[in-house]
Amino acid sequence: MFDKISADIKAAMLARDKVRLETLRGIKKEFLEAKTAKDSNGTLTDEQAVKIMAKMVKQRRETAQIYGEQGRNDLRDNELAEAAVIEEYLPKQLSDEELTAELKKIIEQTGATSPAQMGKVMGVATKALAGRADGRAISAKVKELLSNM
């Protein structure tokens with residue numbers, strides 16, 4: 001993933017795509033920080049890279065929402081454009097139906113039968129669906145599925 005981002009930075013420079021270039025540089029910066037962190041062994045797995053980029057997309061979307069509420073549409077649009085660039089590198093997000101099907105399998109595996117066992121399901125679900133579904137969406141769907149049992 002790190003090598004792909006580096007190669008795409010060069011392509012964005014040649015294409016003079018400012019938003020893409022700045023976004024990719026931001027991703028590379030986050031990757032480098034993760035590689036050189038104290039608890040890191042100097043490598044970055046694709047799973048770690050996906051988590052970092054998912055976090056970056058979430059930050060961009062939240063910031064864009066705040067800018068929209070403040071009437072700063074120019075800044076909001078820039079944040080949304082950056083989020084779109086980052087999302088190109090993330091695995092395809094699950095649809096609502098796909099998420100429900102995956103969570104039903106996980107609930108069956110864990111043997112959860114009530115909302116009180118939501119934590120058990122969430123632990124497995126967040127690991128299994130990392131990068132493919134938002135944590136809030138997973139939580140809401142698990143709560144819905146367990147309360148209907």
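**Figure 1. Who lines the largest pocket.** In this predicted model, helix 3 gives the largest share of the lining of the largest pocket, with eight residues. The full lining runs to 20 residues, and the ones nearest the pocket centre are Ala54, Lys58, Ala133, Asp134 and Gly135. Two elements give two or more residues to this lining: helix 3 (46-69) and helix 7 (135-147).

**Figure 2. Space and chemistry in the largest pocket.** If you're thinking about what fits in there, the space comes to about 500 Å³. How do the lining residues divide into nonpolar, polar and charged? The split is eight nonpolar, four polar and eight charged.

**Figure 3. The largest nonpolar core.** Helix 3 turns up again here, supplying six residues, the largest share of this core. The core has 20 residues, and those touching the most other members are Ile5, Leu24, Ile27, Phe31, Met53, Ile86 and Tyr89. At least two residues come from each of helix 1 (2-15), helix 2, helix 3 and helix 4 (73-87). Apart from this core sits another one, made of 15 residues, including Leu103, Ile106, Met118 and Leu129.

**Figure 4. Zooming in on Ile27.** Ile27 is one of the core residues that touch the most other members. Which residues does Ile27 contact once its neighbours within four places in sequence are left aside? The list is Ile5, Met53, Met56 and Ile86.

**Figure 5. Leu32, partly exposed.** Leu32 belongs to helix 2, which covers residues 18-35. Its relative accessible area is 40%, so Leu32 counts as partly exposed, the class between the 20% cut-off for buried and the 50% cut-off for exposed. Phe2 is 30 residues away from Leu32 along the chain, yet the two C-alpha atoms are separated by 8.9 Å.

**Figure 6. Pulling back to the protein chain.** There are seven helices and zero strands here, so to speak a plain α-α-α-α-α-α-α pattern when you read along the sequence. The C-alpha trace spans about 55 × 45 × 25 Å along its principal axes. Of the chain's 149 residues, 32% count as buried. The chain exposes about 9400 Å², with carbon and sulfur atoms supplying 51% of that area. Take the contacts between residues at least 6 apart in sequence: 59% of them join residues at least 24 apart.

Terms used:
Residues are numbered from 1 along each chain as its sequence is written. This is a predicted model: local features need pLDDT of at least 70, side-chain atom pairs count only at pLDDT 80 or more; totals for chains, interfaces and linings use all residues. Side-chain values use heavy atoms; hydrogens and water are left out. On a 1 Å grid over the protein atoms alone, a cavity is a set of points where a 1.4 Å probe fits but cannot get out, and a pocket is an open set with protein on both sides within 12 Å along at least five of seven lines; lining residues have an atom within 4 Å of a point. Grid points are joined across faces, edges and corners, and a volume is the space filled by probe spheres set on the points. Helices (H or I, at least four residues) and strands (E, at least two) are DSSP runs, numbered from the N terminus. Ala, Val, Leu, Ile, Met, Phe, Trp, Tyr, Cys and Pro count as nonpolar, Asp, Glu, Lys and Arg as charged, and the others, Gly among them, as polar. Buried means under 20% relative accessible area, exposed over 50%, partly exposed in between (1.4 Å probe, protein chains only). Contact means heavy atoms within 4.5 Å. Accessible areas come from the Shrake-Rupley method with a 1.4 Å probe; for residues, only the protein chains shown count as cover. A nonpolar core is a set of buried Ala, Val, Leu, Ile, Met, Phe, Trp, Tyr and Cys residues joined through side-chain atoms within 4.5 Å.
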